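Reader: I have a model open on my screen and would like to know how its labels were earned. Could you walk me through them?

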Amino acid sequence: MKEAPKPTNIGYEKDNNYLLKPFEFGRFLKAVNKLAEQTEKASQNYLFLKSGYEFIRIEKSDLRYIKGDGNYVGFHTSERKVLCRMKMDEAESLVSSDDFIKVHRSYIVNKTIILKVEKHQLHIKECTIPISQTYYENLITKL
């Protein structure tokens, strides 16, 4: 009787993004620890943002909204605006929590500061932010 061929896990060993059956307990533990580390980073209450040659700390609770403009993203707080070179999906992954809602392809808003929601825009203390049809239903369900 022939033995079943063993899977070649060599390409996946470095990433830890995949578990191929059959896997060893050590490999499983390594993947779980990596997931725990990523979850811990996501639960931090602050961000360190690179703006030019500086790294600026922003508390998530102070963040009002995020505005994307091409390859740049502006993080707006009540006191200042920090401009970073990144894509909007990267910014969205930085603040992925229940307090932030994507309301437009170029805007993510802190839902705790929303004053009024209309069909095509919402109001916060500083300004009016557009809402796209695509994200309107999601916004209403998350409020």
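Author: Happily; we will take the sheet, the rings and the cysteines in turn, bearing in mind that this is a predicted model.

Reader: Let's start with the sheet. What makes strands S5 and S6 edge strands?

Author: Look at the order of the 5 strands, S5-S4-S3-S7-S6, in an open sheet with antiparallel pairing. S5 (81–85) and S6 (100–104) each have a single partner strand, so one side of each is left without a neighbour in the sheet. From one strand to the next, the twist averages 20°.

Reader: How do you know that S3 and S7 count as a pair?

Author: Two strands pair if at least two bridges are found between them. S3 (residues 63–69) and S7 (residues 107–110) have 3 bridges, in the antiparallel sense. To find the spot on your screen, look for Lys67, which stands opposite Tyr107 in S7.

Reader: Now the rings. How many aromatic pairs are there?

Author: The search of the whole structure gives 3. One of them joins Phe25 and Phe28, with ring centres 6.4 Å apart and planes at 45°.

Reader: Why is that Phe25 and Phe28 pair called tilted?

Author: Centres must lie within 6.5 Å, and planes under 30 degrees apart would be stacked, while those over 60 would be edge-to-face. An angle of 45° meets neither condition, so the pair is tilted. Both residues belong to helix H2 (residues 25–42), 3 residues apart, which is about one turn of the helix.

Reader: What makes Phe25 exposed but Phe28 partly exposed?

Author: Exposed means over 50% relative accessible area, and buried means under 20%. Phe25 has 60%, so Phe25 is exposed. Phe28 has 34%, so Phe28 falls in between and is partly exposed.

Reader: And why is the pair of Tyr46 and Phe48 called edge-to-face?

Author: Their planes stand at 85°, over the cut-off of 60, and their centres are 5.8 Å apart, so the pair is edge-to-face. Tyr46 is partly exposed at 26% relative accessible area.

Reader: Which residue lies over the face of Tyr46?

Author: Arg57 does, at 3.9 Å from the ring centre, where the limit is 6 Å. Likewise, Lys119 lies over the face of Tyr136, at 4.3 Å from the ring centre.

Reader: Last, the cysteines. How many disulfides does the structure hold?

Author: The count is 0. Cys84 has 1% relative accessibility, under the 20% cut-off, so Cys84 is buried. Cys127, at 22%, is partly exposed.

Key. Residues are numbered from 1 along each chain as its sequence is written. This is a predicted model: local features need pLDDT of at least 70, side-chain atom pairs count only at pLDDT 80 or more; totals for chains, interfaces and linings use all residues. Side-chain values use heavy atoms; hydrogens and water are left out. Helices (H or I, at least four residues) and strands (E, at least two) are DSSP runs, numbered from the N terminus. Axes are lines fitted to C-alpha atoms, for helices over the stretch in contact, and angles run from 0 to 180 degrees between N-to-C directions. Rings of Phe, Tyr and Trp (its six-membered ring) pair if their centres lie within 6.5 Å; planes under 30 degrees apart count as stacked, over 60 as edge-to-face and the rest as tilted. Buried means under 20% relative accessible area, exposed over 50%, partly exposed in between (1.4 Å probe, protein chains only). A charge sits over a ring if NZ of Lys or CZ of Arg is within 6 Å of the ring centre and within 35 degrees of the ring normal. A disulfide is a pair of cysteine sulfur atoms within 2.5 Å.
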